[in-house]
Amino acid sequence: VREGLMKPNRAAMLALLERGIESGEVRADIDLEVTADLLVGPLFFRLLFSGDEVSPELAQRTVRAVMRGIAPER
């Protein structure tokens, strides 16, 4: 599961974050690994520990919250 599913998806997420840095949508000083963890951690926590629904709305709220922390100051 880690090699076949998680690793390729994480690599894709890291690539998206790097593109965000290149385009100026994401600050250049972020820790890519920690940011990737911040994006998926809440979803896995909910799925594995609380048992609450993991919905598209939760994913959107999670991304918005993380983006507020990694977006460049305007």
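Trainee: Which residues of α2 are buried in this predicted model?
Mentor: This is a predicted model, so keep that in mind as we go. Buried here means under 20% relative accessible area. In α2, the residues that count as buried are Thr35, Ala36, Leu39 and Leu43.

Trainee: And what covers the buried residues of α2?
Mentor: Look for other elements with heavy atoms within 4.5 Å of them. Among what covers those buried residues are two other helices, α1 (2–23) and α3 (56–70).

Trainee: Let's take Thr35. Is Thr35 buried or exposed?
Mentor: Find Thr35 in helix α2 to begin with. Its relative accessibility is 3%, and the cut-off for buried is under 20%. So Thr35 counts as buried.

Trainee: Which residues does Thr35 touch, leaving out those up to four places away in sequence?
Mentor: Click on Thr35, which sits in helix α2, and skip its neighbours up to four places away in sequence. What you're left with is Leu17, Ile30, Val66 and Ile70.

Trainee: How far apart should the ends of helix α2 be?
Mentor: Helix α2 covers residues 32–50, and that's 19 residues. Use 1.5 Å a residue, but multiply by one less than the number of residues. The end C-alpha atoms are 27 Å apart in the model, and that agrees with the expected span of 27 Å.

Trainee: Where in α2 is there a kink?
Mentor: Follow the helix along until you're shortly before the proline Pro42. There the bend is about 35 degrees, and the residue it lies at is Val40.

Trainee: What happens at the start of α2, around Asp31?
Mentor: Zoom in on Asp31 and find a side-chain oxygen. That oxygen reaches towards the backbone nitrogen of Glu33, to within 3.1 Å.

Trainee: Which residue follows α2, and has a positive phi?
Mentor: Step off the end of the helix and check the backbone angle phi there. It is positive, near 80 degrees, and the residue is Gly51.

Trainee: Which element gives the most to the lining of the largest pocket?
Mentor: The largest pocket has a volume of about 270 Å³, and 13 residues line it. The elements that give two or more residues to this lining are α1, α2 and α3. With five residues, the one that gives the most is α3.

Trainee: Last one: is Arg64 buried, exposed or partly exposed?
Mentor: Arg64 is in helix α3. Its relative accessible area is 46%, and partly exposed runs between the cut-offs of 20% and 50%. So Arg64 is partly exposed.

Notes
Residues numbered from 1 in each chain as written. Predicted model: local features only at pLDDT ≥ 70, side-chain atom pairs only at ≥ 80, totals over all residues. Heavy atoms only, no water. Helix = DSSP H or I, 4+ residues; strand = E, 2+ residues; numbered from the N terminus. Bend = angle between axes of the 7 residues up to and from the residue. Buried < 20%, exposed > 50% of the residue type's maximum accessible area, 1.4 Å probe, protein only. Polar contact = N/O pair within 3.5 Å; in protein donor to acceptor, adjacent residues only side chain to side chain. 1 Å grid on protein atoms, 1.4 Å probe; cavity = no way out; pocket = protein on both sides within 12 Å on 5 of 7 lines; lining within 4 Å. Points joined across faces, edges and corners; volume = space filled by probe spheres on them.
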